Amino acid sequence: MDTFWYVIKVLPGKERQLNDQYNMQISLGNIKNIVRFICPTDSELVMVKNKKVLREKVIYNGYLYF
């Protein structure tokens, strides 16, 4: 079976929220023929109040892959 990736444009800053919503709809069976939605992220260390904090940064702002 061939695998194809599609990209949709979403509001910047809403990628994770929409990713969770769409994957929930897939698990409930409301969306068919799509396996999963992906929001590519990257881990980065950031200094917050003199402490190192690991944060997940969205790589492609405004886009979701399915």
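**Pocket lining.** I began with the lining of the largest pocket in this predicted model. I sorted its residues by kind and got 7 nonpolar, 2 polar and 2 charged. Next I looked up the space inside. The largest pocket holds about 310 Å³. I then asked which of the 11 lining residues are closest to the centre of this pocket. They are Thr3, Phe4, Asn33, Val35 and Phe66. I noted two of these names for later, Asn33 and Phe66.

**Overall layout.** I stepped back to the chain. I counted 1 helix and 4 strands. Read from the N terminus, the order is β-α-β-β-β. Is the chain more spread out than a compact globule, or less? I compared two values: the radius of gyration is 15 Å, while the globule rule gives 11 Å for 66 residues. The chain's value is well over the rule's, so the chain is more spread out than a compact globule. I also took the box along the principal axes. The C-alpha atoms fill roughly 50 × 25 × 25 Å. Of the 66 residues, 17% are buried. I checked contacts between residues at least 6 apart in sequence, and 52% of them join residues at least 24 apart.

**Aromatic rings.** I went back to Phe66. First I counted aromatic pairs in the structure and found 4. One of them is Phe37 with Phe66. A pair of aromatic rings is described by the distance of the centres and the angle of the planes. Here the centres are 5.1 Å apart and the planes stand at 35 degrees, a tilted pair. Where do the two partners sit in the chain? Phe37 is in the loop between helix H1 (15-28) and strand E2 (41-48). Phe66 is in the segment after strand E4 (63-65). The partners are 29 residues apart, and the pair links distant parts of the chain.

I compared their burial. Phe37 has 8% relative accessibility; that is under 20%, so it counts as buried. Phe66 has 21%, so it counts as partly exposed. Both rings belong to one aromatic cluster, formed by Tyr6, Tyr22, Phe37 and Phe66.

**Helix H1.** I looked up two residues here. Asn19 lies in H1. Its relative accessible area is 12%, so Asn19 is buried. Which residues does Asn19 contact, leaving aside neighbours within four places in sequence? I found Phe37, Ile38, Cys39 and Leu64. Phe37 thus turns up again, this time beside a residue of the helix.

Gln17 is also in H1. Gln17 is partly exposed, with a relative accessible area of 41%. I took the C-alpha to C-alpha distance from Gln17 to Thr41 and got 13 Å. These two residues are 24 apart in sequence.

**Positive phi.** Last, I checked backbone angles. Most residues other than glycine have a negative phi, and most peptide bonds are trans. I noted two asparagines with a positive phi. Asn33 has a phi of about 70 degrees. Asn33 sits in the loop between H1 and E2, and I had already met this residue in the pocket lining. Is Asn33 buried or exposed? Its relative accessible area is 82%, so Asn33 is exposed.

Asn50 has a positive phi of about 60 degrees. Its place is the loop between E2 and strand E3 (51-58). Asn50 has 74% relative accessibility, so this residue counts as exposed.

Conventions:
Residues numbered from 1 in each chain as written. Predicted model: local features only at pLDDT ≥ 70, side-chain atom pairs only at ≥ 80, totals over all residues. Heavy atoms only, no water. Phe/Tyr/Trp six-rings, centres within 6.5 Å; stacked < 30°, edge-to-face > 60°. Buried < 20%, exposed > 50% of the residue type's maximum accessible area, 1.4 Å probe, protein only. 1 Å grid on protein atoms, 1.4 Å probe; cavity = no way out; pocket = protein on both sides within 12 Å on 5 of 7 lines; lining within 4 Å. Points joined across faces, edges and corners; volume = space filled by probe spheres on them. Nonpolar A, V, L, I, M, F, W, Y, C, P; charged D, E, K, R; others polar. Rg over C-alpha atoms; globule rule 2.2 N^0.38 Å. Contact = heavy atoms within 4.5 Å.
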